[in-house]
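This report describes strand pairing and burial in one protein model. The sequence and coordinates are shown first, and the description follows.

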Amino acid sequence: QWARGRGGAPASGMASYVCYPCGSLPRDSPVRSVAASPVEALAAAIGVDGAVHIVDDEGSLAVDRPIDSRTSKEPTVLCWHPREPTLIIGWHDGRVQSVSVSQDGKASVFEGGADHKSAIVDIVVSPEGGRVLSTDSAGVACVWRFDGRGRFSRLHTYRSAGGGSALTKSVWVPTRVPDGSGGTASLMAFFAGTDGGWLVYGDDQGNCNRVGGDFRAPIDVLEYDPASRRMVVITRDLAMAVLEVGPSAKPTLVTRAKLAVRASRGITATAWLGQGVLSTATGEEPAARAWLVGQGEGAGSSFLVKLSAKGRAIPRSDRVSAVAFLGSRSLLALGTVEGRVLVLRRVAAQEAGAGAGAAAPAARP
């Protein structure tokens, strides 16, 4: 994932990429999950030791020590706050923690209430940072108020949000609704997918109900583009639906498509490449794909972001398993199953001499 540079801003000028080992992580062991802070040069990773390691951009521990579980249960979800150097952790036993990182490397840990009794599946923070949504494998959803100092308090608990199914992915959709006096008021709404293939609507005002049709397979991907107000649903059997979310947060189907990709385990990674363009990786193809889901003709169509670099051959056996996009510099990073990282720069069609969305290598892997 992309992390911000030192001082909270990406570096400028000539691009250079340096690989640093994370010394606190167990050697020669897989990392189970990773998340990068959008505001500081920090990243968090779950190691096989069951601890959360928060590191800086040189791979060193950014806090006193890894965040360990006080029980035998392990962390399941990592999510950084969009405006604060605060990491929110979901645990297998249902606990939700926040870890605020200070400039001097101190970690302030705060734990929410015991509203979840099952493993946390997903955590998302609202775009302005004032709300946190946590969902679990028993179908329970909790909305929390975040106070900006690393602490949060519960607003609502929806115990039957999943309708008997586990909740999977979720997104916040800020919207406005009539306020009863001729004006409008802001409303923080969210959508969540379920393992049973249903779409659930909820908000921070106590409302939660099923709104989407039966997708007939678990919902593995749920993404929202605020610029086009399009929401993308991708199921485990690779059916994609594009929905437009109206001003009152009502979803309307725009198009459905069956993704023609090799993905026996579903989609492994997603990233927005710009307004109405969603990139996906599967770990089984030598390329990432970019899907057009915005307004206008071509919604649901795709083009390839091929795994190639000028002056260096990439083995045909390699496959793209991870993808990230840094919009401020138009840089796309592709990670592969053989351990390569390829960084590409998105260029205009006339510059590339190709179709829209073409990419040129910015640096060797």
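## Strand β14 and its partners

In this predicted model, L199, Y201 and D203 point one way from β14, whereas V200 and G202 point the other way, and all are buried. Buried here denotes under 20% relative accessible area. Because five of the five residues of strand β14 (residues 199–203) are buried, the strand is largely enclosed by the rest of the structure.

Strand β14 takes part in two antiparallel pairings. Strand β13 (residues 184–194) is joined to β14 by five bridges, and F191 stands opposite Y201 in β14. With strand β15 (residues 208–210), β14 shares three bridges; here V200 stands opposite R210 in β15. Both pairings are hairpins, as set out below.

| Hairpin | Residues between the strands | Turn glycine with positive phi |
|---|---|---|
| β13 and β14 | four residues | G197, about 90 degrees |
| β14 and β15 | four residues | G206, about 100 degrees |

## The sheet β8-β9-β10-β11

Elsewhere, four strands form an open sheet in the order β8-β9-β10-β11, with antiparallel pairing. β8 (120–125) and β11 (152–158) stand at the edges with a single partner strand each, so one side of each is left without a neighbour in the sheet. From one strand to the next, the twist averages 20 degrees.

Which residue of β11 is the bridge partner of R145? The partner is S153. Strand β10 (residues 141–146) and β11 pair in the antiparallel sense over six bridges.

Conventions. Residues are numbered from 1 along each chain as its sequence is written. This is a predicted model: local features need pLDDT of at least 70, side-chain atom pairs count only at pLDDT 80 or more; totals for chains, interfaces and linings use all residues. Side-chain values use heavy atoms; hydrogens and water are left out. Buried means under 20% relative accessible area, exposed over 50%, partly exposed in between (1.4 Å probe, protein chains only). Two strands pair if DSSP finds at least two bridges between them. Axes are lines fitted to C-alpha atoms, for helices over the stretch in contact, and angles run from 0 to 180 degrees between N-to-C directions.
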